[in-house]
Amino acid sequence: MSAPTYTGDARVGGPAQVRELPGLTISKVAVSEMANNAYLLRCTATGQALLIDAAAEPDVLRRLTTGIELRTVVTTHGHWDHHRALADVVSATGAETVAHPADAHDLPVSVSRKVEHGDTVSVGEQTLEVVHLRGHTPGSIALVWRGPGDAGTHVFTGDSLFPGGVGNTQGDAERFTSLIDDVEERLFGTLPDDTWVYPGHGSDTTIGAERPHLAEWRARGW
């Protein structure tokens, strides 16, 4: 039987959505009453893995990483719903913790590596570029993977970009302007339309699907 087609529509309590790409396998699960997305990235050449957002349900995340060499856990931002399982996962695996310094103090464990805009994080032979997106939180980051050959470009955006808009800025006009400016310049201004977008909650999208709506988002103010 062939593997299910990846749709990006992970459901809480459901199986992982698994995407096999040249150089990297991406597994997406949804956890908790907040339906947070957690992403396990595994280098196909080395077997080494990186987890994006140990959000909740440590048992689910431990099953996802069983038999896998988890080297790194990246937290996209400091909001509580994105790191409730972080201490458990790190304790069980000894993985390095990575976050932006502006949000590091909000995490339940010490951050062993603090990253800034333009830094890179490795998973085996693959490299992720750190993009700082200021507004949802001061230290929100996205991770961009530019795959080999026809693997395409993929971006993990945390709560900074979703289908239909940018992340919540609680009606703060200054924070909203900061976030949409960064998203427009640092994501839409640098990534091709076929870039796959993996958000912190909900379904996936692409840069091309969202690009036509940038002016609409800016005009509405959220």
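**A colleague's note on the sheet, the cores and the salt bridges**

1. A small detail to start with: L21 stands opposite L24 in strand 2. Please keep in mind throughout that this is a predicted model. The strands concerned, strand 1 and strand 2, run antiparallel and are joined by 5 bridges.

2. Now the sheet as a whole. Seen in full, it is open, has 7 strands in the order 1-2-3-4-5-6-7, and shows mixed pairing. Which strands stand at the edges? They are strand 1 (17-21) and strand 7 (113-114), each of which has a single partner strand, so one side of each is left without a neighbour in the sheet.

3. Helix 2 is worth a look next. This helix lies across strand 4, strand 5 and strand 6 (96-99), and runs at about 150° to strand 5. L86, in helix 2 (86-93), is in contact with A54, V73, T75, T97, L107, P108 and V109, leaving aside its neighbours within four places in sequence.

4. L86 also brings us to the largest nonpolar core, which has 24 residues; L51, A54, L61, L70, V73, L86 and V89 touch the most other members. Two or more residues each come from strand 2 (24-31), strand 3 (36-43), strand 4 (48-52), helix 1 (58-64), strand 5 (69-74) and helix 2. There is also a second, separate core of 22 residues, with I52, V121, V123 and V130 among them. As general background, nonpolar side chains tend to be buried together in soluble globular proteins.

5. Do have a look at H83, in the loop between strand 5 and helix 2. Is H83 buried or exposed? Its relative accessible area is 8%, so H83 is buried, the cut-off being under 20%. Apart from neighbours within four places in sequence, H83 is in contact with A54, A55, T75, H77, G78, D106, L107 and P108. A54, T75, L107 and P108 are also listed among the contacts of L86.

6. On to charges: a search of the whole structure finds 11 salt bridges. One of them is between the side chains of E33 and R84, at 3.2 Å from N to O. E33 sits in the loop between strand 2 and strand 3, and R84 in the loop between strand 5 and helix 2, so this pair ties together parts that are 51 residues apart in sequence. E33 is exposed, with a relative accessible area of 61%, while R84 is partly exposed at 36%.

7. Another salt bridge pairs D182 with R134, whose closest N and O atoms are 2.8 Å apart. Here too distant parts of the chain are linked: D182 belongs to helix 4 (residues 173-188) and R134 to the loop between strand 9 (126-132) and strand 10 (141-146), 48 residues apart. How accessible is D182? D182 counts as buried, at 3% relative accessibility, whereas R134 counts as partly exposed at 35%.

8. R211 and D193 form a further salt bridge, with their closest N and O atoms 2.6 Å apart. R211 lies in the loop between helix 5 (207-210) and helix 6 (214-220), and D193 in the loop between helix 4 and strand 14 (196-199), so the pair ties together parts 18 residues apart in sequence. Both partners are partly exposed, R211 at 28% and D193 at 41%. Finally, D59, R62 and D88 are joined into one network by salt bridges that share partners.

Technical notes: Residues numbered from 1 in each chain as written. Predicted model: local features only at pLDDT ≥ 70, side-chain atom pairs only at ≥ 80, totals over all residues. Heavy atoms only, no water. Core = buried A, V, L, I, M, F, W, Y, C linked by side-chain atoms within 4.5 Å. Buried < 20%, exposed > 50% of the residue type's maximum accessible area, 1.4 Å probe, protein only. Helix = DSSP H or I, 4+ residues; strand = E, 2+ residues; numbered from the N terminus. Contact = heavy atoms within 4.5 Å. Pairing = 2+ DSSP bridges. Axes fitted to C-alpha atoms, helices over the stretch in contact; angles between N-to-C directions. Salt bridge = Lys/Arg side-chain N within 4 Å of Asp/Glu carboxyl O.
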